[in-house]
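Reader: I have a chain in front of me and some questions about it. Can we go through them briskly?

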Amino acid sequence: MNKVLLTGRLTRDPEMRALASGKHVTQFSVATTEYAGNGKERPEFHNIVTWDRLAEVCGRYLGKGQQVSIEGRIQTRTWDDEKGLRHWKTEIVATTVEMLSGRKKKDYAAESSADAIEAAAVAEAGSGDDAGSDEAPTVPADEPIAEALAA
């Protein structure tokens, strides 16, 4: 049976690409730690590959430093380069990726700045003469729209 279970942290942001066939593939690496005793740790780095819908999800929601749990299988690819030298690459083809540490930090930053803009727009709309009105604030046609109102 060829089955792998890993829990570790992403060492870099995932790289997603679409193939000519229309399939998506995402590659990233995960660092795990082996405890060797006497307080010593030994890191191990694993190349991870995901396909299709899982690749799209990983490319969109995973980021460097996130903790993930991965289930998949080991695959070793071999190829010959233009000089005739043989190369090997061992990677984990993931069938399941579970996010253990939530969303990416930059997603939180984007969401909080969007919330701040929305709050500013609400405050600006409520501070005018029509504070009791449920209507959206109006802007004359010859006046540029404020950034907070455009959002």
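Author: Start with a term. Helices, of at least four residues, and strands, of at least two, are DSSP runs numbered from the N terminus. Keep in mind that this is a predicted model.

Reader: In what order do the elements of the chain run from the N terminus on?

Author: Take the counts to begin with. The chain has 3 helices and 6 strands. Read from the N terminus on, they run β-β-β-β-α-β-β-α-α.

Reader: Which strands each supply at least two residues of the largest nonpolar core?

Author: Look at the core itself. The largest nonpolar core has 13 residues. Those with the most contacts inside it are Phe28, Val30, Ile48, Leu62, Val68, Ile70 and Val97. The strands that each supply at least two of its residues are β1 (4-10), β3 (24-37), β5 (67-80) and β6 (86-99).

Reader: Which residues does Val30 contact, leaving aside its neighbours within four places in sequence?

Author: Val30 is among the core residues with the most contacts inside the core. Set aside the neighbours within four places in sequence. Val30 is then in contact with Gly8, Arg9, Leu10, Thr11, Glu44, Phe45, His46, Ile48, Val68 and Ile70.

Reader: Is Met1 buried or exposed?

Author: Met1 sits in the segment before β1. Its relative accessibility is 96%. The cut-off for exposed is over 50%. Met1 therefore counts as exposed.

Reader: What distance separates the C-alpha atoms of Met1 and Arg73?

Author: Along the chain, Met1 and Arg73 are 72 residues apart. In space, their C-alpha atoms are separated by 9.1 Å.

Methods
Residues numbered from 1 in each chain as written. Predicted model: local features only at pLDDT ≥ 70, side-chain atom pairs only at ≥ 80, totals over all residues. Heavy atoms only, no water. Core = buried A, V, L, I, M, F, W, Y, C linked by side-chain atoms within 4.5 Å. Buried < 20%, exposed > 50% of the residue type's maximum accessible area, 1.4 Å probe, protein only. Contact = heavy atoms within 4.5 Å.
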